[in-house]
Amino acid sequence: MQLIEIKDVHEPQLDIYARLSEGQLLHYYEPAGGLFIAESPMIIHRALDAGYSPLSMLVEHKLAEGQGGELIARCGDIPVYTAEREVLERITGYALTRGMLCAMHRRPLPDAAQVCQDARRIVVLENVMNPTNVGAIFRSAAALGMDGILLTPGSSDPLYRRAVRVGMGTVFQIPWTFLNLPGGCGDVPNRVGPGESNEGQAVWNVDSRRSQTETGWRSRNTQEGNCRERQDIQAVKTQGSQTVRFLHSLGFKTVAMALREDAISLDDPRLQLQERLAVVLGTEGDGLAANTIADCDYTVRIPMAHGVDSLNVAAASAVAFWQLGRRESAP
C-alpha cells in the first residue's frame, strides 16, 4: 500500500474524486470501460468480492491508521490518499459518512441472455432515470428474490455513486446489464468489448486529458443530445416492444406495472403460477410507454387504500418483488 498525505486538494490525481463528473468517469478509458466510485468500507468489500479492481483510495486519517487497514491491505499496491475529514469534505464537496472512497475499474457487462439464462424472476427498468430510485430498486430486488435486472439505455447507470450508495452495494450481488437495443443513440453505459479489460492501464495525466478531450466530451454530448432529440420519440415507441419480444423468446411472461382501469391486482393467483416472470417498471412520472403495456402479457396494479392512486417506482417495486419474487429464497 502507498499511503500518500494530501498536501494540495487541487492535485490532478484527486480529480476523479473531486472534479470529474459521472459521465467523465464512465468514459475515462474510452473506448474501453471507465471508472466508478465506491463509497464506504462495506460497499468496497462487496465490489472486491464481485471481482472489481481498485485504482486508488481516498481515506480519512483515522481509518487509514486504524480499522480500515485490513480493507486497504486487501486492495493491494495502489495509491491511498489520506487527510483529515475536513480536507476530504473540501475535496468531495460533501460529508463522507464512512470516511472512505475507492475508485474502481468497470468490468465488461454480460449480455441480456446471460442474465436471464437461469432466472425465474427478472426486473426490467424502462428509462428509470433517477439514480436514487435505481439504487433502491436494486436493493429490493436483491433482498426479495429477483434473479436479475435489465435496464433500457435511458435508465440511470447503476454504478453511479448515488445509486451504488443507496443500493448498499447490491449492484455487485445481483446480475444485471443494459439492453443493447438496435436503433439507439450513443453507447450503452458500461459496455466493454468481449475479452477487453481496462485493468492495468496507466492513469492518464488528468490535466493533459482535459486539454485533449474536454472539447471531445462536449462535442460527443452535443451530438448524442441532438441524436436523442431526433430519435427519442421513436425509440420509446419501439424499445419496449423489442424488450418484450426478447423476453417472450426466452419463455418469460411479462408483467407491466401500470395504473390502468383494466389492470389485474398484484395478488392475482395467475401471476404466482408462472414459471418465468419479468416485472417491467417505467420511468418516474410518466410510467411505462403505451406500446410496452400493450405488448406485455399482464397489466398489474397494486391495491391501495385511502384514495392513494400511486407509489414511487422504488416503493412500488418492493411491493411487487415481495409478492412475485422467489419466496423460497427468503429466510
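A salt bridge here is a side-chain nitrogen of Lys or Arg within 4 Å of a carboxyl oxygen of Asp or Glu. E275 and R120 form one, with an N to O distance of 3.7 Å. The model is predicted.

## Salt bridges

By this rule the count comes to 7 salt bridges. Three are set out below.

| Pair | Closest N and O atoms | Relative accessibility |
|---|---|---|
| R74 and D49 | 2.4 Å | R74 39%, D49 57% |
| R270 and D268 | 2.9 Å | R270 42%, D268 14% |
| E275 and R120 | 3.7 Å | E275 53%, R120 29% |

The R74 and D49 bridge has its closest N and O atoms 2.4 Å apart. This pair links distant parts of the chain: R74 belongs to helix α5 (residues 69-74), D49 to helix α3, and 25 residues separate them. R74 counts as partly exposed, because its relative accessibility is 39%. D49 counts as exposed, at 57%.

E275 and R120 meet at 3.7 Å, N to O. They also join distant parts of the chain, 155 residues apart. Both residues lie in loops: E275 between α11 (269-272) and β11 (277-281), R120 between α7 (112-116) and β6 (121-125). E275 is exposed at 53% relative accessibility. R120, at 29%, is partly exposed.

R270 pairs with D268. R270 is partly exposed at 42%. D268 has a relative accessible area of 14%. The cut-off for buried is under 20%, so D268 counts as buried.

## The five-stranded sheet

5 strands make an open sheet with mixed pairing, in the order β1-β4-β3-β5-β2. Its edge strands are β1 (2-5) and β2 (35-39), and each pairs on one side only. Neighbouring strands are turned by 20 degrees against each other on average, direction ignored.

How do β2 and β5 run relative to each other, parallel or antiparallel? They run antiparallel, and 5 bridges join β2 to β5 (residues 100-105). E39 stands opposite L101 in β5.

Two helices pack on this sheet. Helix α3 (residues 41-49) touches β2, β3 (54-60) and β5, and its direction makes about 20 degrees with that of β5. Helix α6 (residues 85-92) touches β3, β4 (79-83) and β5, with its direction at about 130 degrees to that of β3. D49, the salt-bridge partner of R74, sits in α3.

## The seven-stranded sheet

An open sheet of 7 strands follows the order β8-β7-β6-β11-β9-β12-β10, with parallel pairing. β8 (176-178) and β10 (264-265) stand at the edges. Each has a single partner strand, so one side of each is left without a neighbour in the sheet.

β6 and β11 run parallel and are joined by 5 bridges. I122 stands opposite A278 in β11. The loops that hold E275 and R120 adjoin these strands: one ends at β11, the other at β6.

Helix α8 (residues 131-143) lies across β6, β7 (148-151) and β8, running at about 155 degrees to β7. Helix α13 packs on the sheet too, touching β6, β9 (253-257) and β11. The direction of α13 makes about 165 degrees with that of β11.

## A nonpolar patch

Which residues form a nonpolar patch on the surface? They are L259, M304, V308, L311 and V319, with about 380 Å² of accessible area together. V319 lies in helix α13 (residues 313-324). V319 is partly exposed, with a relative accessible area of 33%. Helix α13 thus carries a patch residue and also packs on the sheet.

Definitions and conventions:
Residues numbered from 1 in each chain as written. Predicted model: local features only at pLDDT ≥ 70, side-chain atom pairs only at ≥ 80, totals over all residues. Heavy atoms only, no water. Pairing = 2+ DSSP bridges. Helix = DSSP H or I, 4+ residues; strand = E, 2+ residues; numbered from the N terminus. Axes fitted to C-alpha atoms, helices over the stretch in contact; angles between N-to-C directions. Contact = heavy atoms within 4.5 Å. Buried < 20%, exposed > 50% of the residue type's maximum accessible area, 1.4 Å probe, protein only. Patch = residues over 30% accessible without salt bridge, like charges linked within 9 Å, V, L, I, M, F, W, Y side chains within 5 Å. Areas by Shrake-Rupley, 256 points an atom, 1.4 Å probe, with all protein chains shown as cover.
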